[in-house]
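Please look over the sequence and the structure shown below. The report that follows takes up an annotated site, the pocket around it and the nonpolar core.

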Amino acid sequence: MPTTPDLASKSTGKCRAVILISGSGSNLQAFLDAAADDACGYTVEAVISNKADAYGLTRAKNAGVDTEVLSHRDFTDRESFDEAMVEVIDAYRPDLVILAGFMRILTPGFVRHYSGRLLNIHPSLLPKYQGLHTHQRALEAGDREHGATVHFVTEELDGGPPILQAAVPIESGDTAETLAQRVLVQEHRIYPLAASWFAQGRLRMVDDRVELDGELLPRSGKRLD
């Protein structure tokens, strides 16, 4: 059954997004830039960080977006932290929750609470290279291409159904750092696009698949050239 809320019923006509960060917020900036356009289908209602020194908080304040800090170090376990996070997030009545460099492993309860409206981006062409050090792993494997994948979040780490992918060629002489920079350019391109599809009511998670414009996508998601 569909798990995405009916956005057409919202009186504002805009999808309310809350973005979670832990660091500099370069993907966050892509969302803020997109949301600055009145034609954008979503608004960024708040940016929440588990680290008080995250530069992404400054980006949000510069854009006039509310910010919150909730340190995981103030809690004894993941469950209590995530429960507190849910309270903070839900105060903004989000239709969509976006992970933009939020460096925490989420508890099953948190993921279930936002099922079908929780997005993440991973720096690989999933299902390849779940987890960390994806750029180095792609180089060591001798891959010809690498990239990024926007996906719905499920209880399996980096295992939720892919929505949108963008690839970059791996060039001779690439290092993990040079490859990461080119992948990041694509992240900034595809992540706000996927959020826009969701905001327009075009995108939803159906069981373990992704539906776009009423049609199920391939299990690897849509590929953006």
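In this predicted model, S26 is in contact with R59, L184 and H188, once its neighbours within four places in sequence are left aside. S26 is found in helix 1, and at 23% relative accessibility this residue counts as partly exposed, because the partly exposed class begins where the buried class, under 20%, ends.

G25 lies in the loop between strand 1 (15-21) and helix 1 (26-35). With a relative accessible area of 8%, G25 is buried, since its value falls under the 20% limit for that class. Its contacts, again leaving aside neighbours within four places in sequence, are with G56 and R59.

The table sets these two residues side by side.

| Residue | Location | Relative accessible area | Contacts beyond four places in sequence |
|---|---|---|---|
| G25 | loop between strand 1 and helix 1 | 8%, buried | G56, R59 |
| S26 | helix 1 | 23%, partly exposed | R59, L184, H188 |

According to the UniProt record, an unreviewed entry, the feature "binding site" is placed at G25, S26 and N27. Of these residues, G25, S26 and N27 are included in the lining of the largest pocket.

How much space lies in the largest pocket? The volume computed for it is about 1000 Å³. Its lining is made up of 38 residues, and those that lie nearest the centre are G101, F102, M103, N120 and I121. By residue class, the lining divides into 16 nonpolar, 16 polar and 6 charged residues. At least two lining residues each are supplied by helix 1, helix 4 (108-113), strand 5 (118-122), helix 5 (134-140) and helix 6, and it is helix 6 that gives the most, with 4 residues.

Which residues touch the most other members of the largest nonpolar core? They are L20 and I163, within a core of 65 residues. Helix 6, here residues 176-199, gives the most to this core, with 9 residues. In soluble globular proteins, nonpolar side chains tend to be buried together.

The surroundings of I163 can be listed in full: not counting residues up to four places away in sequence, I163 touches L119, V150, H151, F152, A194, W197, L203, V210, L217, G221 and K222. Helix 6 thus appears in both parts of this account, as the element that gives the most to the pocket lining and as the one that gives the most to the largest nonpolar core.

Methods:
Residues numbered from 1 in each chain as written. Predicted model: local features only at pLDDT ≥ 70, side-chain atom pairs only at ≥ 80, totals over all residues. Heavy atoms only, no water. UniProt positions renumbered as here; feature names shortened; annotations may be inferred. 1 Å grid on protein atoms, 1.4 Å probe; cavity = no way out; pocket = protein on both sides within 12 Å on 5 of 7 lines; lining within 4 Å. Buried < 20%, exposed > 50% of the residue type's maximum accessible area, 1.4 Å probe, protein only. Contact = heavy atoms within 4.5 Å. Core = buried A, V, L, I, M, F, W, Y, C linked by side-chain atoms within 4.5 Å. Points joined across faces, edges and corners; volume = space filled by probe spheres on them. Nonpolar A, V, L, I, M, F, W, Y, C, P; charged D, E, K, R; others polar.
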